[in-house]
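Me: I would like to go through some of the terms used for this structure and see how each one is justified. Could you take them one at a time?

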Amino acid sequence: MATQMKAIVPTGPGAASVLSLIDLPIPALESPYEILVKIHGVSLNPADTKVRQSNTRPNRILGWDAAGVVEAAGEQALFKKGDEVIYAGAIGRAGSNAQYGLVDSRIVGRKPKGWSWADAAGLPLVMLTAWEMLEDQFHLKPYAVPEKEETLLVINGAGGVGTAAIQLASKVFNVKNIVATASRSETIDWVKKNGATHVINHREDLGAQLKVLNLTPSLAFICYDTMTYLSQLAPVMRPFGHVGAIVEADDPLPFHNNGAMSKSLSFHWEFMFARPMHGYDLETQGRILNEVAKLAEEGKLTSFTTVKEVLSVQSLRKAHETVESGKAIGKIVFDVKDTIGEN
């Protein structure tokens with residue numbers, strides 16, 4: 001086995017950083033739970049662009065989605081050499097834009113059979129984020145009919161996490177009404193295709209549109225611009241409702257007002273990396289990813305890949321630009337070939 005690998009890393013200071021190709025040593029196992037994965041598929045998330053723009057660590061490998069084959073395993077690892085796996089990894093560790101990756105096996109799931117490497121790599125981060133919000137924060141139970149009729153509002157339904165939330169709410173958590181925001185014909189079609197029962201325009205007044213639909217959200221999932229949409233939600237939510245967000249915002253949050261208090265509304269942050277960052281309940285992420293693999297094999301969850309490329313410096317740079325434009329739909333994924341090049 002080779003001792004060096006190709007990796008794509010940001011070089012240069014802060015927002016001026018650019019993606020560059022370098023050689024690095026193939027990482028060695030550091031704990032009994034770890035596995036070394038030969039990476040065959042990766043995907044891009046907004047977290048990648050944010051970390052690149054704040055580049056403070058030289059030669060930091062970005063990318064927090066991967067699909068590949070286990071090359072080596074620690075003595076307590078939950079997978080063995082030759083197993084096909086998917087994972088999102090941990091924000092404080094080297095990412096997946098490389099030929100090999102090191103990851104704690106407790107946050108890893110098996111790759112869905114019949115799925116391509118690239119499509120499978122599009123699942124982990126967004127599915128974990130959406131599942132954790134729906135189950136841990138909103139207290140929904142998978143495969144159970146909710147005790148009360150729920151209406152879920154998803155802000156930015158056509159993004160990766162929004163798409164995952166719509167699919168899971170529809171196919172796994174049995175939410176009756178799923179309202180997604182979208183403003184373009186292609187994004188409207190996309191959210192409907194993935195399970196939204198209603199669509200409203202996030203560029204227009206949310207309350208007026210919900211009133212026309214005669215719907216009052218009990219759950220609201222903000223996947224874009226927390227500060228803008230949080231202030232609009234208290235007036236439109238059902239009492240004892242839950243609002244969750246995945247996009248960081250400045251304090252104080254505009255949700256702390258009399259409207260929210262008088263309705264006993266709850267606000268929740270969802271950060272998919274919280275479990276691996278703090279070493280808390282790691283096995284839960286492995287459980288979720290294994291369940292996602294099963295649902296994908298059964299056809300209950302479908303691929304939401306919209307762009308598929310071969311990983312190179314050029315293709316990754318272009319994908320970063322697309323995500324930063326705010327126009328990305330679904331997931332951008334990449335096949336990782338035997339070597340990684342500039343073009």
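Me: Which residue follows α3, and what is the sign of its phi?

Reply: α3 is followed by H139, whose phi is positive, near 65°. Please bear in mind that this is a predicted model, in which local features need pLDDT of at least 70 and side-chain atom pairs count only at pLDDT 80 or more, while totals for chains, interfaces and linings use all residues. Residues are numbered from 1 along each chain as its sequence is written, and side-chain values use heavy atoms, with hydrogens and water left out.

Me: What makes residues 124-137 a helix, and how do you know that the span of α3 agrees with that?

Reply: Helices are DSSP runs of H or I with at least four residues, strands are runs of E with at least two, and both are numbered from the N terminus. The expected span of a helix is 1.5 Å times one less than its number of residues, so the 14 residues of α3 should span 20 Å, and the 18 Å between its end C-alpha atoms agrees with this.

Me: Why is α3 described as largely enclosed?

Reply: Buried means under 20% relative accessible area, exposed means over 50%, and partly exposed lies in between, using a 1.4 Å probe and protein chains only. In α3, 13 of the 14 residues are buried, and therefore the helix is largely enclosed by the rest of the structure.

Me: Why is E150 called buried?

Reply: E150 is found in the loop between α3 and β8 (151-155). Its relative accessible area is 12%, so E150 is buried by the cut-off of under 20%.

Me: What makes the pair E150 and S218 a polar contact?

Reply: A polar contact is a pair of N or O atoms within 3.5 Å; within protein, one must be able to donate a hydrogen and the other to accept it, and residues adjacent in sequence count only if both atoms are side-chain atoms. The side chains of E150 and S218 make such a contact at 2.5 Å.

Me: How do you know that β3 pairs with β6, and in which sense?

Reply: Two strands pair if DSSP finds at least two bridges between them. β3 (residues 34-44) and β6 (residues 100-104) have five bridges and pair in the antiparallel sense; among the partners, V37 is matched with G101 and I35 with V103.

Me: What makes β6 covered on both faces?

Reply: Y100, L102 and D104 on one side, and G101 and V103 on the other, are all buried. In a regular strand the side chains alternate between the two faces of the sheet.
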